[in-house]
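Good morning. Please have the sequence and the model open, and follow along as I go through a few parts.

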Amino acid sequence: MPAKQTLYVKCLAMLVALAAHSVRAQDSEETSLGRLVHEICDEEADRYTVTMPDGVALSRVPRSLLRWSKATQGSAFGDTYIWTHQGCAEAIVSIYAVTSKRIFDAEFQSLSDETFTMHRDGIPKWSPAKPGVEFRPIADIRPPTNSATTRLGQMNRIARQFRAEFSPHTAPDEISRLRLLSKPLYRYESTNEKILDGAVYGFVDSTDPELLLVIEARRTDAGSTWVYSPARSRHDQLRLYYRDELVWDVPRLAPPWGNIRNPDRPYFNLQLARLLPPDQWQRIQEAIDR
């Protein structure tokens with residue numbers, strides 16, 4: 001090999017090695033920061049309790065449904081949690097930090113057709129005054145089967161017939177496609193005699209759930225049938241299509257930011273930075289500054 005070509009190959013190899021080292025170092029730092037944020041998210045989720053008007057407490061699925069991150073907003077890390085009643089999804093919360101902007105928030109969405117109150121450390125923080133879901137029938141599709149395994153396959157196929165998109169408030173004329181996660185965030189067989197089966201699906205930006213889709217198999221006098229309801233997990237304009245037909249189009253809620261900080265609404269954002277114990281926020285700040 002000619003000397004110049006040999007020198008070129010060696011230089012190229014050195015550049016590749018340096019780039020790989022830089023990427024590994026960056027990944028290590030982000031992984032370390034991400035682990036810390038996820039740990040604090042779990043601690044924050046333990047502070048919440050949810051009760052129905054009759055005093056019945058909702059149950060939280062003990063683990064995070066999804067640990068997600070998003071590089072498009074700098075370094076964003078979050079966890080998604082769900083509360084249930086009789087197995088059915090009733091409330092979903094994403095707790096997250098956008099470390100590049102020093103933001104630590106919780107995003108709440110009701111998945112219930114009833115009212116409830118969520119407390120943080122015993123203090124009421126969110127009490128939606130109206131349902132967060134509105135179920136609609138799914139036409140022209142095979143009814144639910146008697147097999148739980150087969151029904152999951154049916155729900156997955158139904159979910160894939162939907163597509164979702166959003167228009168960011170920073171560029172309202174743009175359209176960004178959301179990706180359907182390959183598996184439901186949460187699947188349930190309810191003790192409610194009217195509900196045979198159900199699942200909550202997530203449409204994500206990067207890995208952050210932005211639009212939720214609840215699919216249920218319900219028992220009726222005429223037999224079992226499928227229904228669905230969308231729900232937001234983002235304050236921007238969202239659209240949902242079924243078999244390329246627009247079936248849900250909701251407007252941007254914020255800015256102004258006060259629109260998403262009303263605890264009477266089904267979708268609610270709580271700023272946590274001022275509520276966190278000083279030592280927790282200090283741990284995040286120190287990790288950011290390192």
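I start with a term. A residue is called buried when its relative accessible area is under 20%, exposed when that area is over 50%, and partly exposed in between. Take Arg163: its relative accessible area is 23%, so it counts as partly exposed. Keep in mind that this is a predicted model.

Arg163 forms a salt bridge with Asp244, and the closest N and O atoms of the two are 3.2 Å apart. The partners come from distant parts of the chain, 81 residues apart: Arg163 is in strand 10, while Asp244 is in the loop between strand 16 and strand 17. Asp244 has a relative accessible area of 61%, so it is exposed.

How many salt bridges does the structure hold? There are 20. I will show two others. Arg234 and Glu210 meet through their side chains, at 2.7 Å from N to O. Arg234 sits in the loop between strand 15 and strand 16 and Glu210 in strand 14, so this salt bridge ties together parts that are 24 residues apart in sequence. Arg234 is buried, because its relative accessible area is 11%, and Glu210 is buried at 3%. This pair also belongs to a network: salt bridges with shared partners join Lys70, Asp205, Asp208, Glu210, Arg234 and Asp236.

The other example is Glu44 with Arg47, whose side chains meet at 3.7 Å, N to O. Are these two buried or partly exposed? Glu44 is buried, with 0% relative accessibility, whereas Arg47 is partly exposed, with 22%.

Next, strand 4, residues 76-85. Why is strand 4 described as largely enclosed by the rest of the structure? Because nine of its ten residues are buried. Now its pairings. Strand 2 pairs with strand 4 in the antiparallel sense, over two bridges, and Arg60 has Trp83 of strand 4 as its bridge partner. Strand 3 also runs antiparallel to strand 4, joined to it by five bridges; Ser69 is partnered there with Phe77. With strand 5, strand 4 makes an antiparallel pairing of ten bridges, one of the partnerships being Thr80 with Ser94. Strand 4 and strand 5 form a hairpin with two residues between the strands, and in this hairpin Gln86 takes a positive phi near 55°.

Thr80 and Ser94 come back when we turn to empty space. The count gives one cavity of 30 Å³ or more, with a volume of about 50 Å³. Its lining includes Thr80, Ser94, Glu107 and Phe108. Strand 5, strand 6 and strand 14 each give two or more residues to that lining. By class, the lining has five nonpolar, four polar and one charged residues.

There are also open pockets to look at. The second largest pocket has a volume of about 430 Å³. Of its 18 lining residues, Gln109, Lys130, Pro131, Gly132 and Pro266 are the closest to its centre. Gln109 is also among the residues that line the cavity. Which strand gives the largest share of this pocket's lining? Strand 15 does, with four residues. The lining of the pocket has nine nonpolar, four polar and five charged residues.

Last, the cysteines. A disulfide is a covalent bond between the sulfur atoms of two cysteines. The count of disulfides here is zero. Cys41 is buried, at 0% relative accessibility, and Cys88 is buried too, at 5%.

Note on methods. Residues are numbered from 1 along each chain as its sequence is written. This is a predicted model: local features need pLDDT of at least 70, side-chain atom pairs count only at pLDDT 80 or more; totals for chains, interfaces and linings use all residues. Side-chain values use heavy atoms; hydrogens and water are left out. Buried means under 20% relative accessible area, exposed over 50%, partly exposed in between (1.4 Å probe, protein chains only). Two strands pair if DSSP finds at least two bridges between them. On a 1 Å grid over the protein atoms alone, a cavity is a set of points where a 1.4 Å probe fits but cannot get out, and a pocket is an open set with protein on both sides within 12 Å along at least five of seven lines; lining residues have an atom within 4 Å of a point. Grid points are joined across faces, edges and corners, and a volume is the space filled by probe spheres set on the points. Ala, Val, Leu, Ile, Met, Phe, Trp, Tyr, Cys and Pro count as nonpolar, Asp, Glu, Lys and Arg as charged, and the others, Gly among them, as polar. A disulfide is a pair of cysteine sulfur atoms within 2.5 Å. A salt bridge is a side-chain nitrogen of Lys or Arg within 4 Å of a carboxyl oxygen of Asp or Glu.
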